[in-house]
Amino acid sequence: MRKKIIVSCLGLALCATGFASEPAANISAQRILARTKIIASDEFEGRAPGTVGEEKTIAYLTEEFKKIGLQPGNPDGTFVQAVKSAGITSQSSLTFKVGTQTLTPQVGIDFIALSRRRQEHIELKDNEVIFVGYGVTAPEFGWDDFKDVDVRGKTVVMLINDPPVLDAKTGKLSDAVFGGHAMTYYGRWTYKFENASAHGAAAVLIVHETGPAGYPFAVIAAGSGRETFDVGTPASSEQRVAVEGWMTLDTAKQLFVAAGHDFAALKTAAAQRDFRPVPLGARAEYAVENKIRDVVSRNVVGLLPGSDAKLRDEYVVYSAHWDAYGRDPTRSGDQILNGAADNAIAIAMMLDIAEVAAAHPPRRSLLFFAPTYEEKGILGSKFYAENPLYPLERTAANINLEPLDAAPAYEPTRDLEIVGRNRSTIDDYAIEIAHQQDRVLRADSEAEKGYYYRSDHIEFAKAGVPVFFARSGLEVIGAPAETGRQRRLNYLQNDYHKISDDVRPDWTCEGAAHDARFLFALGLRIANADTMPEWKLGSEFKAIRDAGYKSATK
């Protein structure tokens, strides 16, 4: 009975604002749920790139785009963009030697390690271990964790996330340095591997902590021994560190104690600008065996041409990654990681937005983009950003769909959290639409987890394209106050990247439809505007956009 009342109340709210007569009202929870069930079914085998599951997923999306009436998104006349890559499966071992002691962490329990170099056998012996704090080099903040210490050919141990710099006056996190409570790109593991590579390190071990990371070590460990991917060339892979790894907090503490160091004290010291790298007096040995294969995965792209001849060559991109985690052959019984909330719901939302938009083409063209390899390091979007099918300087915006939890599967929320709020003028449009749809916009309640840097939109942003990324809020309509927060926590602890991320009998996708109506209206608002969105002052991507736009208009 509650579900019927909620839907009815929502309908009254839409009518009261005049929204029910708008095209966005045609977004359907039933269609979204039906498509989610198909995409997340066992038939698709967990949608892992380079598998039969990919073939079935690409075929399904292509057929849906055709049914909707979209044109092939690739100028070559197809709905796909080939993403050339290498599939790498690493089996690794690690040993620490500290004086007369030998520590042998267990792979998948205490650490995981892999190599993205195109080498079948990698061995590092007698490798000096140096603690480099947070592993950050940020000139704009006067910050350099490496100082003048030579780490070439050595193992660097790093802490997760940004340095937590305190304001001397308030004793709280300083908003002026590394975003305060919110994570910056310096806190991402991808950056840490990149920076260590730039300094010539041989190996990186990131100390994982569940709180700052936003997920337990088990999420990382689940990838141990599974195939990973790289879209770089063999030559570029040689520029990466030879070994990329994570270890648990307990393992790090054991190493530090064995080496005669206080982990807590060094962690505190690492939050200061004057921190200098600390040789731990330990030596590491690694052995990594790689199985390597060439893989061509695919991004799926559909085009809805704009209705205005003057603006048709400008594009608003909706994105939702199609890949999940495939099968876990180590399990007995059910082995398929169906990826229902992550990210089948988002694909279904994008398809419904495309279906409704096809009947109401806006002035600019809409590009519906389903990238591969998001779960392998956002590689499909990275490949597109480096090899765009349409000029990025004429790409008005990217609206990325990824729920981040299972909230859209249930009742709608009145609030919507903007991940990376107030960075571009897209947010100004969002405020207008929220008012029209009786929704409340809030800042990301988990900004410290760095979600802004953890999904496909970030590759568009790094290329200068203004982006918008939102998630369902916590104020579930018609439900007790803590319902939203409890569901979010439950999904993270029990379902995220696990076998249990499957469609549940009580899913209605009313929340997904509610969010899709907002994102549909936002996309059309951008696509019908006289000018393209802009980054606001203070955004790290504004200079990139401005340079690209000036180049395009010369």
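Buried residues are those with under 20% relative accessible area; exposed residues have over 50%, and partly exposed residues fall in between (1.4 Å probe, protein chains only). The model analysed here is predicted, so local features need pLDDT of at least 70 and side-chain atom pairs count only at pLDDT 80 or more, while totals for chains, interfaces and linings use all residues. Residues are numbered from 1 along each chain as its sequence is written, and side-chain values use heavy atoms, with hydrogens and water left out.

Helices (H or I, at least four residues) and strands (E, at least two) are DSSP runs, numbered from the N terminus. Helix H10 covers residues 340-357. Of its 18 residues, 17 are buried, and H10 is thus mostly covered. The expected span of a helix is 1.5 Å times one less than its number of residues. For H10 this gives 26 Å; the end C-alpha atoms lie 24 Å apart, which agrees.

Strand E14 (residues 365-370) is largely enclosed by the rest of the structure, because 6 of its 6 residues are buried. Ser-365, Leu-367 and Phe-369 point one way from E14. Leu-366, Phe-368 and Ala-370 point the other way, and all of these residues are buried.

E14 has pairing partners in E12 and E13. Two strands pair if DSSP finds at least two bridges between them. Strand E12 (residues 278-304) pairs with E14 in the antiparallel sense, over 5 bridges. Here Gly-302 has Phe-368 of E14 as its bridge partner. Strand E13 (residues 315-319) runs parallel to E14 and is joined to it by 5 bridges. Within this pairing, Val-316 is matched with Leu-366 of E14. The chain passes from E13 through H10 to E14, and this β-α-β crossover is right-handed. Right-handed means that, with the strands pointing away from the viewer, the path from the first strand over the helix to the second runs clockwise.

Aromatic contacts were examined next. Rings of Phe, Tyr and Trp (its six-membered ring) pair if their centres lie within 6.5 Å; planes under 30 degrees apart count as stacked, over 60 as edge-to-face and the rest as tilted. By this rule there are 26 aromatic pairs. One of them, Phe-178 with Tyr-186, is edge-to-face, at 5.8 Å centre to centre and 90° between the planes. Phe-178 is buried at a relative accessible area of 0%. Tyr-186 is also buried, at 16%. The rings of Phe-229 and Tyr-373 are tilted, with centres 4.6 Å apart and planes at 35°. This pair links distant parts of the chain, 144 residues apart: Phe-229 lies in strand E10 (residues 227-230), and Tyr-373 in the loop between E14 and helix H11 (379-386). Phe-229 is buried at 2% relative accessibility, and Tyr-373 is buried at 0%.

One aromatic cluster includes Phe-141, Trp-143, Phe-178, Tyr-186 and Tyr-452. Tyr-452 also lies beneath a charge: the charged end of Arg-423 sits over its ring, 4.1 Å from the centre. Such a charge has NZ of Lys or CZ of Arg within 6 Å of the ring centre and within 35 degrees of the ring normal. Arg-487 likewise lies over the face of Tyr-410, 4.2 Å from the ring centre.

Strand E10 also holds Thr-228, which is buried at 8% relative accessibility. Its side chain makes a polar contact with the side chain of Arg-116 at 3.3 Å. A polar contact is a pair of N or O atoms within 3.5 Å; within protein, one must be able to donate a hydrogen and the other to accept it, and residues adjacent in sequence count only if both atoms are side-chain atoms.
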